Amino acid sequence: PKVQSAVHSLCMSENIENLRKIDPFADTGESDDFGSKNAGYVHIRIQQRNGRKTLTTLQGLTPDLDYKKILKAFKKEFCCNGTLVDDPDLGQVIQLQGDQRKKISDFLIQEGICPKSSLKIHGF
């Protein structure tokens, strides 16, 4: 009887969902991290600095564009300061002072730099 109950309990443990050998944290192939260069998306993010100060970053534009001219147009249009940052993983990233996410997306769509379907706006 003891052997039979041990075999029965062993068979029951295979039916329990928690004992599967599937790693829930394994890489599923989907990537939404900051360094993702795939799928051709343009990412617009906001970062909190200190207090009420924020920083808007733009990455993923095609490399054949003139980033300095785009930055100059952003600064003039939005009345804010900005800079170009060369990141080894992300490429060139445009940083602007303040929350400029909506303005940047409208500008990029209006000027035909990228379609609305390729824009990803992140943040609060």
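Let's start at one residue pair. Glycine 82 stands opposite leucine 96 in strand E4. Keep in mind that this is a predicted model. Where does glycine 82 sit? It falls in strand E3, which covers 82-87. E3 and E4 pair in the antiparallel sense, over six bridges. A hairpin of three residues joins E3 to E4.

Now widen the view to the sheet. It is open, it has five strands, and the pairing is mixed. The order reads E3-E4-E2-E1-E5. Which strands stand at the edges? E3 and E5, the latter at 119-121. Each has a single partner strand, so one side of each is left without a neighbour in the sheet. Neighbouring strands are turned by 25° against each other on average, with direction ignored.

Next, another pair in the sheet. E1 and E2 are antiparallel too, with six bridges. E2 runs over residues 54-59. One facing pair to look for: glutamine 47 stands opposite leucine 55 in E2.

What packs on this sheet? Helix H2 does, touching E2, E3 and E4. The direction of H2 makes about 10° with that of E4.

That takes us to the largest nonpolar core. It has 17 residues. Which members touch the most others? Leu58, Leu61, Phe74, Ile94, Leu96, Ile104 and Leu108. Leu96 is the residue we met opposite glycine 82. Four elements each supply at least two core residues: strand E1 (42-48), helix H2 (67-78), strand E4 (91-97) and helix H3 (101-110). H2 gives the largest share, five residues.

Zoom in on phenylalanine 74. What does it touch, leaving out residues up to four places away in sequence? The list is Leu58, Cys79, Ile94, Leu96, Ile104, Phe107 and Leu108. Several of those names come from the core list, including Leu58 and Ile94.

Cys79 is on that contact list, so to speak our bridge to the last topic: cysteines. How many disulfides are there? The count comes to zero. Cysteine 79 is in no disulfide, and the nearest cysteine sulfur, that of cysteine 80, is 7.8 Å away. A disulfide needs the two sulfur atoms within 2.5 Å. Cysteine 80 is likewise in no disulfide.

Buried or exposed, these two cysteines? Cysteine 79 counts as exposed, because its relative accessibility is 71%. Cysteine 80 is buried, at 13% relative accessible area.

To recap: an open sheet of five strands, helix H2 packed on it, a largest nonpolar core of 17 residues, and zero disulfides.

Conventions
Residues numbered from 1 in each chain as written. Predicted model: local features only at pLDDT ≥ 70, side-chain atom pairs only at ≥ 80, totals over all residues. Heavy atoms only, no water. Core = buried A, V, L, I, M, F, W, Y, C linked by side-chain atoms within 4.5 Å. Buried < 20%, exposed > 50% of the residue type's maximum accessible area, 1.4 Å probe, protein only. Contact = heavy atoms within 4.5 Å. Pairing = 2+ DSSP bridges. Axes fitted to C-alpha atoms, helices over the stretch in contact; angles between N-to-C directions.
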